[in-house]
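Biologist: Could you walk me through how to read this one? I'd like the general idea each time, then the case in front of us.

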Amino acid sequence: MGLDPPQPFANDRSTLVTDTSIPVRVPLVTEPWGILRSLQAARRNVLSIIPDIATRQPMVSGKTGKRWHMVMDPDAIRRVVLERLEDYPKSDVTKNLLRPAIGNSLFVAEGAHWRWQRRAAAPVFSHRNVTNLAPIMTRAAERSSERITAAGDRAVNYLDEMVTATFDVISDVTFSGDGSFDRDGVHRAIDAYIADAGKVSLFDILGLPDWIPRPSRVLSGKGLREMKRVADIAIERRAHEGTEGIPDLLDLLLQGVDPETKRQMNTAELRDNLLTFIVAGHETTALTLAWSLYLCAFDQDVQDRARAEAQSVLGDRAATGADVSNLPFIRSIVDEALRLYPPAALVSRTALAHDTLGGREIRPGDTVMLPIYALHRNYLLWDDPDAFRPDRWTGTKPDRYAYLPFGDGPRICIGASFALQEAVIILATLLARFRFRPVPGRDPKPVMILTLRPEGGVWLTAEPVGPGSRDTTADHSPNL
Ligand code: HEM
């Protein structure tokens, strides 16, 4: 492997790569660019700082103000996220970005403060508790399918639809049954925050000095304050009054105790962690579902097979938690969507100690990036990496550290099984009831701001196909 050019990479061609046999992707850059040009491109799409060679090599290094490395070598990744966890804390970028919204919660904390919170929160996401929350996901799937039916043969943006469906779930499992909870207000505050936070990160990822003004350091706006206030009130009330029925995430977190230190979360810690669950869990799951639907509309044969599985298991009812293990093909579609369009497409760490990764020297202060997007499309690790092939998940599984939509090691996503259960329940329910078709000329563009989103939306038409409906495969023009 030769020496990499020291300049950052960026991409001139903001257009999509369109090849009718593969789903949408963004052309990664093949030539090194100057810093300002890179910055401009990166502001539009973080993926444009990933060079194309990152899909063909195990490591890429460079210097843009700071020294940086992109790691695609599974053994080196294991070292970063598992074996030398303490030497590779989350980067300051990530922490500065998220702290205004979610304090020093599970997602951003390090060392002992992270460990006790993780131990206290772990039981919240136990298999039993996640399964108990499945009825809320089933209800959200039912409501989503009612909205789709109501839309008739109009084309719908399924990114928005899935954001609505997953917000239904996350607000019901965090502040369930709380009539005073201002759903729309909280939703707006989170959306605005995520949009703002995305702009800041690009500057920091590229290692620009601190004196360069950031576009919106003022992230602690009115919406955010309101969101925290609403959450605090709900927590205080719940702590005194309790709830009936199946415990939701707030009940479970209130009961959480670190078995080692016996520490329990106070109101501010509970609030920061609940908001973390909302920020980390809601949009990511919506993206997984929106990309899965895009892929099913892209490949009608896969969609037919998925529908056959869903209908044979479900008949005309919505999917439940008990169905999930009987829907392996639907699950493969979700796995494949998370491979091609991982919501957390670039994860970054700051090296604290001298080390060697993939034969490269790592110095304290270096930025170590795990470009999950390039890892999942790396030719050394995947056969025909840009192709949509859910069947690749039925045979031999890939190297564990070649597939990291949820990260790995002790800091692996705590909500992974919750998210997968939700995605399978909603996707199976919708595929059993509707045939989705793309709207010609409206392909989404994969753009990463804070997460990897389908820019332009996922525009599809849906035709009812459930038992009792007419299942026709005849083409019909969408009605925009
Ligand atoms: C498809 C959906 C999701 C994806 C792709 C995803 C992805 C990730 C990734 C990649 C990480 C590790 C980040 C890193 O190592 O820097 C992470 C951590 C985390 N996620 Fe998720 N996530 C999803 C859903 C959820 C849900 C539903 C929740 C909670 C309800 C959640 C809560 C968290 C928390 C609290 C952490 C921090 C864990 C720790 O550091 O101990 N996520 N997630």
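What follows is a talk through the fold, a helix pair, the ligand shell, the core and a few single residues.

Modeller: Before we start, keep in mind that this is a predicted model.

Biologist: Noted. How many helices and strands does the protein chain have?

Modeller: You'll find 15 helices and 13 strands in the protein chain. It runs to 480 residues, and 49% of them count as buried. Take the contacts between residues at least 6 apart in sequence: 76% of those join residues at least 24 apart.

Biologist: Now helix packing. What do I look at when two helices pack against each other?

Modeller: Two packed helices are described by the angle between their axes and by the distance between those axes. Here, try α6 (residues 134-151) and α15 (residues 416-433): their axes come within 9 Å and cross at roughly 35 degrees. The crossing of α6 past α15 is right-handed.

Biologist: Which residues of α6 and α15 make the contact?

Modeller: On the α6 side, A134, M137, T138, A140, A141, S144 and S145; on the α15 side, Q421, E422, I425, I426, T429, L430 and R433. By class, that contact has seven nonpolar, five polar and two charged residues.

Biologist: Next, the ligand. Which residues come nearest?

Modeller: There are 23 residues around the ligand, and G281, T284, G407, C413 and G415 come nearest. Two elements, α11 (267-298) and α15, give two or more residues to this shell. The biggest contribution is from α11, with seven residues.

Biologist: And how do the residues of the shell divide by class?

Modeller: The shell around the ligand has 13 nonpolar, seven polar and three charged residues.

Biologist: On to the interior. Which residues of the largest nonpolar core touch the most other members?

Modeller: That core has 127 residues, and the ones touching the most other members are A290, L293, V424, I426, L427 and A428. Helix α11 supplies the largest share of the core, 17 residues. I426 is also one of the residues in the contact of α15 with α6. As for L427, set aside its neighbours within four places in sequence, and its contacts are L289, S292, I330, I333 and V334.

Biologist: Let's try a single residue. Is V173 buried or exposed, and why?

Modeller: The cut-off for buried is 20 or more other C-beta atoms within 10 Å. V173 has 28, so it is buried. The residue sits in helix α7 (residues 158-174).

Biologist: What does V173 touch, beyond residues up to four places away in sequence?

Modeller: It touches L133, I136, D248 and L249. You can also look at V173 and I246: they are 73 residues apart along the chain, and their C-alpha atoms are separated by 10.0 Å.

Biologist: Last topic, the backbone. What sign of phi do most residues other than glycine have?

Modeller: Most of them have a negative phi. In this model, K262 has a positive value, near 65 degrees. D384 has a positive phi too, near 45 degrees.

Biologist: Where do K262 and D384 lie?

Modeller: K262 is in the loop between α10 (249-255) and α11, while D384 is in the loop between α14 (372-375) and α15.

Biologist: Why do K262 and D384 count as exposed?

Modeller: Exposed needs 12 or fewer other C-beta atoms within 10 Å. K262 counts as exposed because it has 9 such neighbours, and D384 is exposed because it has 11.

Methods
Residues are numbered from 1 along each chain as its sequence is written. This is a predicted model: local features need pLDDT of at least 70, side-chain atom pairs count only at pLDDT 80 or more; totals for chains, interfaces and linings use all residues. Axes are lines fitted to C-alpha atoms, for helices over the stretch in contact, and angles run from 0 to 180 degrees between N-to-C directions. Helices (H or I, at least four residues) and strands (E, at least two) are DSSP runs, numbered from the N terminus. A crossing is left-handed if the near helix is turned anticlockwise from the far one by less than a right angle, and right-handed if clockwise. Two residues are in contact if their C-beta atoms, placed from the backbone, lie within 7 Å. Ala, Val, Leu, Ile, Met, Phe, Trp, Tyr, Cys and Pro count as nonpolar, Asp, Glu, Lys and Arg as charged, and the others, Gly among them, as polar. A residue is near a molecule or strand if its C-beta atom, placed from the backbone, lies within 6 Å of it. A nonpolar core is a set of buried Ala, Val, Leu, Ile, Met, Phe, Trp, Tyr and Cys residues joined through C-beta atoms within 7 Å.
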